[in-house]
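Hi everyone, thanks for making time for this. I'd like to walk you through a structure that is probably new to most of you, so let's bring it up on the screen.

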Protein chains: 2
Amino acid sequence: MSEPTRLSWTDVRDQIRARILSRTYAPGDRLPRDEDIAQEFGCARTTVHRAMQDLAQMGLVERKRKGGTHVLSDPVTRATFDIPITRCEVEQRGAKYDYQLISRALEQTPTGVMARFGLHTPREMLRVKALHLADNRPYVFEDRWVDTQSTPEILDVDLTRENANEWLVHNKPFSRVDVRFSAMNATADNAHHLDTPEGSALFVIERTTWIGSAPITTVQSLAAPGYQLAANTG
Amino acid sequence: MSEPTRLSWTDVRDQIRARILSRTYAPGDRLPRDEDIAQEFGCARTTVHRAMQDLAQMGLVERKRKGGTHVLSDPVTRATFDIPITRCEVEQRGAKYDYQLISRALEQTPTGVMARFGLHTPREMLRVKALHLADNRPYVFEDRWVDTQSTPEILDVDLTRENANEWLVHNKPFSRVDVRFSAMNATADNAHHLDTPEGSALFVIERTTWIGSAPITTVQSLAAPGYQLAANTG
């Protein structure tokens, strides 16, 4: 006589998912406890835990520390993106990386930049415009503001040689980050830097960081046409 | 005499991060085991575990089941996005949702669609074009392909009344999803549907699902100008 086959965590996940889709567990319902599910399936509790993590990752259920596991009313697709240092991204594509400083100046923050940081009054910050190149072609144009109150050291960095993106990632810890994606038509200025026709559709990554409540930096990165960002899978 | 203050997981995280930034733990290094760090800080192992999860989430370290924790050579920003059912997204914005079926036809898959699925030969699929509206304004135009081999039930769905997005999410489990973001200039056709000038920069979400190795659906969602997608925070 053969023993019953041990269920893997993917088996458990698929069975729970089938119950969610068939409304055995309906939207908003609380699922049985991990240990009860483990007992039902005759598997380890850690197997159920792994299955539930995946279902949460997929956006089908929500896990709360004390409140157990609930079926989400409307499932979402949860997608995770890694946004690397631009130099690394270029090199990962097997291309040669180059960097050009375009401008560097102390300026008063306009309202759009204040809004990104949640500031109510304008403040003087260091504005740095720079171009990242892949195989001598424009890859990303960045328009960055660095708060010189939280980050006075930036004023001593030679930004003609060292890029602000990399310097900040390596030297400036942050406690909060806001990331937004959108699309915009290239203005005459950034079309010029990206060597693309004015009006081209550009993929925009906006990234803002704080340490505590103090702003560190906000950057608008405009990718050259053709850029595509793929979510991590698994 | 007062007892020493108990470290919280955020304290532990900040101290480990400071060591990574100061190169006490250099890029590529393996960190001490959780239990050794716990002993050093005089805290629970679960506290270290929570801190490490956050550092991994931030893209500073990489955790492997058996291989321990390593400092990533080049930190990345890890951003997680929830892509809800479009109706839910519209309603979450407090707007009235509407839906219009534009067309529905059996068509041979063109090469771009074959590439998204990883297919080598064309196949007949159901192509569904539809418009999602928010407060009577175009919100997202979707151009979708549904594989009728894996999903023959779609042929019986009344797509003038029920939208394919929601029907699939609620009825069709998938085991793999691919999500990509990009930007494109509106063609005459989609500019017409989105009521925007031809050439407008559109934010594009491409989402493809499979069950096992069988294609289910691939959709290109074009958002009306002004659309912005923000990452989850915390």
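Before we look around, one term that I will need: two strands count as paired if DSSP finds at least two bridges between them. Please also keep in mind that this is a predicted model.

With that term in hand, let's go to a place where the two chains share strands. β7 of chain A pairs with strand β10 of chain B, residues 228–230, in the antiparallel sense, and 3 bridges hold that pairing. If you want one residue pair to look for, find A:F181, whose bridge partner in β10(B) is B:L229.

Now let's step back to the two copies. How does chain A lie on chain B? A turn of 180° with a shift of 0.0 Å along the axis lays chain A on chain B, with an RMSD of 0.1 Å. The two copies are thus related as by a two-fold rotation axis. As background, any two copies of a chain are related by a rotation about an axis and a shift along it.

What about the surface where they meet? Chain A brings 48 residues to the contact and chain B brings 47. Of the interface residues of chain A, 98% are also interface residues in chain B, so the copies meet through the same surface. Between them, the chains bury about 4100 Å², with 54% of that on carbon and sulfur atoms.

On the chain A side, several elements give two or more residues to the contact, among them helix α1 (9–21), strand β7 (176–185) and strand β8 (201–211). Sorted by type, the residues on that side are 25 nonpolar, 12 polar and 11 charged.

How many salt bridges are there between chain A and chain B? The count is 0. Polar contacts do turn up there, with 18 residue pairs between chain A and chain B.

Over all chains, though, the structure holds 41 salt bridges. One to look at joins the side chains of A:D143 and A:R127, at 2.7 Å from N to O. A:D143 sits in strand β6 of chain A and A:R127 in strand β5 of chain A, so this pair ties together parts that are 16 residues apart in sequence.

Last stop: the hairpins. In chain A, strand β1 (residues 61–64) and strand β2 (residues 68–71) run antiparallel and pair over 4 bridges. A:V61 has A:V71 as its bridge partner there, and 3 residues make the hairpin connection from β1(A) to β2(A). Over in chain B, strands β1 and β2 are also antiparallel, joined by 4 bridges. There, B:R63 stands opposite B:T69, and the hairpin of β1(B) and β2(B) has 3 residues between the strands.

That's my tour; thanks for listening!

Key: Residues are numbered from 1 along each chain as its sequence is written. Chains are lettered from A and ligands numbered from 1 in the order in which they are written. This is a predicted model: local features need pLDDT of at least 70, side-chain atom pairs count only at pLDDT 80 or more; totals for chains, interfaces and linings use all residues. Side-chain values use heavy atoms; hydrogens and water are left out. Copies are superposed by least squares on the C-alpha atoms of residues with pLDDT of at least 70 in both. Contact means heavy atoms within 4.5 Å. Buried area is the accessible area (1.4 Å probe) that two parts lose on being put together, summed over both. A salt bridge is a side-chain nitrogen of Lys or Arg within 4 Å of a carboxyl oxygen of Asp or Glu. A polar contact is a pair of N or O atoms within 3.5 Å; within protein, one must be able to donate a hydrogen and the other to accept it, and residues adjacent in sequence count only if both atoms are side-chain atoms. Ala, Val, Leu, Ile, Met, Phe, Trp, Tyr, Cys and Pro count as nonpolar, Asp, Glu, Lys and Arg as charged, and the others, Gly among them, as polar.
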